[in-house]
Amino acid sequence: MTSRSGPYLLKLFEYLPLRFFKAIAAMLSPILRSISQPSTPQIRKRPRHVVGTMHQKSMETFLGGVRELFTAPLDVGKLLQLSGELRLEYLDRLQSSPISMLPSYQHTLPVGSETGDYLALDVGGSTLRIAVIRLLGRKADGSSDRQVRRVRQFEIDKAIRDLSGEAFFDWMASRIGEMLTMYGHMTGNASAQLAMGLSWSFPIEQTSPRSGKLLKMGKGFRATEECSGQDLSELIMRSCRKKNLNVVMRAIVNDGTATLISQAYKDPSARMSLIMGTGMNASVYLPVSALHRSKFGDRPEAWFDAADHVLVNTELSMFGKSILPITRWDEDLNRAHQHPGFQPLEYMLTGRYLGEIVRLILVDAVADAGLFDGQLPDRLDEPYTLDTKIVAAFEEDTSPNLAAARATFLKAHRMRTKLSQSDLLFVQSVARLVSRRAQAYLATALHALWTLRTEAEGLETGKSCHVTVACNGTILEKYPGFRAQTQTYLDELCVLSGAAKGAVTLEMAPESSLFGAAVAVCCLEGT
């Protein structure tokens, strides 16, 4: 626009009717309001005491609304459709994602005939476990046997987490030395060399089946302050050599890989694994051809010459965004999260979040329906204070008066008024709705992964062999009925997609971190 155009525009505006400007103002008003809103989400303040207010709904009406929101997506036909959409998302990530569907270096599974003694290390956020594992091979009935001959557990307290650089690995070597002394006394052969397998529950940039670059461990650990980027295997071996320990590092695996190969040692149908506790993950054994070559990074050609299949770390928690139906409470949780949208499936399924979803519903029910006589119990307005263990207690308690659930709840959230029977039944109903949706969505995600694997193997769903999903984690192990109900949904999805009931089964894999670390060594011997 030039300076000459100004007078002409002013003349034009004189002839425009007033309603033209009012229409423009009406169009711009919502835009201006959205711009003026703060960019960070605002957390609504809840009144601690709302007795005497006119509640918008009865508790029955409020619960009916919750039930409709949580059960509407759970029709098996709808779940099958969601499974198909998840399968397409899996396929896309197999081609390009740098953060999910990650191929490991593990390209073989055990056959069950492997034997020998191995040293297994399991390093987690709070404990170091060291065990001597004896693999005994096939039994007469065709199954494989293994034993934990000795195991020791060491707490990783703040003093240990504060050990900087190699000092942490020196501490690990001292504990390994103690176990070797026990093994020498046990076998009468103090000079025997033991091959080690490590189950490492922290980030690592793996560079071979036996090595990987140490990345920031988090959780208060200072070991990476001086050692970040160094080879994890060499760090441990260097500390062991200082103490003249006769060991050699042969395998490094994550928890998902360890769970799958642990189960595969005794069950040849194991081709998938699931970790379900505070967080979640899954692994699947796929043909190498199912992944784009770029996903494998700079591996030697010898690896590709040897590998027909590869064990894939799916990072399953990251899937499902814009696919799985959510509620307003899921939106609230996601908005307030430090990493919104990063792990959408995990935010609806795992031990970290089941209690928080229930808490958000209860807080709304206090204000809108008069739950707890309209009075918030102590600390219930604070995020993540309703532990999933409390939610599980309501599902576990089948007594008429819910006495055990009442005691568990009041221990964490004191009340100034009596906790009524109707309040307890309301909480129990919400707990069941939230957990049933989690079970259905988990079954759907697993069904999609099984379908993906079936197609990658060139099979039809109705003709594919039985597949075992090796399972580990406190939610699957301890939450009342969680694994059984997930299996029920999985059976229904398999039947609807043309397979037999039980085509995919969930089996617990106890002590899989230890057994998996040992079995991983066997899978790599001779390579």
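Which residues does Gln 487 touch, not counting those up to four places away in sequence? Hold on to that one for a moment, everybody, and good morning.

What we have up here is a predicted model, so let me begin with how confident the predictor was. The mean pLDDT of the protein is 88, and 88% of its residues reach 70 or more. Two stretches call for caution. Over residues 1-15, pLDDT stays under 50, and the model gives that stretch 2 contacts beyond four places in sequence. Residues 28-54 also stay under 50, with 24 such contacts in the model.

Now the overall picture. The protein has 527 residues, and 51% of them count as buried. Its secondary structure comes to 19 helices and 13 strands. If you take contacts between residues at least 6 apart in sequence, 75% of them join residues at least 24 apart. As for the surface, about 24,600 Å² is exposed, with carbon and sulfur atoms supplying 53% of that.

Back to our opening question. Gln 487 sits in helix H18, which covers residues 482-496, and it touches Val 504, Thr 505 and Leu 506. Its relative accessible area is 14%, and because the cut-off for buried is under 20%, Gln 487 counts as buried.

Those three partners bring us to the sheet, as strand S13 spans 504-508. The sheet is open and has 6 strands with mixed pairing, in the order S1-S11-S10-S9-S12-S13. Which strands stand at the edges? They are S1, at 102-103, and S13; each has a single partner strand, so one side of each is left without a neighbour in the sheet. For anyone who'd like a reminder, strands of a sheet pair through backbone hydrogen bonds, in either a parallel or an antiparallel sense.

Let's look at one of those pairs. Strand S9, residues 270-276, runs antiparallel to strand S10, residues 280-287, and 5 bridges link them. One residue to find here is Ser 273, whose bridge partner in S10 is Ser 283. Packed on this sheet is helix H9, which touches S9, S10, S11, S12 and S13, and its direction makes about 135° with that of S9.

Within H9, which runs over residues 255-266, please find Thr 257. Is Thr 257 buried or exposed? It counts as buried, at 5% relative accessibility. Leaving out residues up to four places away in sequence, Thr 257 touches Gln 106, Ser 283 and Leu 311. So Ser 283 turns up again: it is the bridge partner of Ser 273 and also a contact of Thr 257.

My last stop is helix H14, residues 388-396. This helix is mostly covered, with 7 of its 9 residues buried. Among the buried ones are Ile 390, Val 391, Phe 394 and Glu 395. What covers them? The cover for the buried residues of H14 includes helices H13, H15, H16 and H17. At the start of H14, a side-chain oxygen of Asp 387 reaches to within 2.7 Å of the backbone nitrogen of Lys 389.

One of those covering helices, H15, holds Lys 411. Lys 411 has a relative accessible area of 75% and is exposed, whereas Ile 390 in H14 is buried. Lys 411 and Ile 390 are 21 residues apart in sequence, and their C-alpha atoms are 9.7 Å apart in space.

That's my tour, and thanks for listening!

Definitions and conventions:
Residues numbered from 1 in each chain as written. Predicted model: local features only at pLDDT ≥ 70, side-chain atom pairs only at ≥ 80, totals over all residues. Heavy atoms only, no water. Helix = DSSP H or I, 4+ residues; strand = E, 2+ residues; numbered from the N terminus. Buried < 20%, exposed > 50% of the residue type's maximum accessible area, 1.4 Å probe, protein only. Contact = heavy atoms within 4.5 Å. Pairing = 2+ DSSP bridges. Axes fitted to C-alpha atoms, helices over the stretch in contact; angles between N-to-C directions. Polar contact = N/O pair within 3.5 Å; in protein donor to acceptor, adjacent residues only side chain to side chain. Areas by Shrake-Rupley, 256 points an atom, 1.4 Å probe, with all protein chains shown as cover. pLDDT = per-residue confidence, 0-100.
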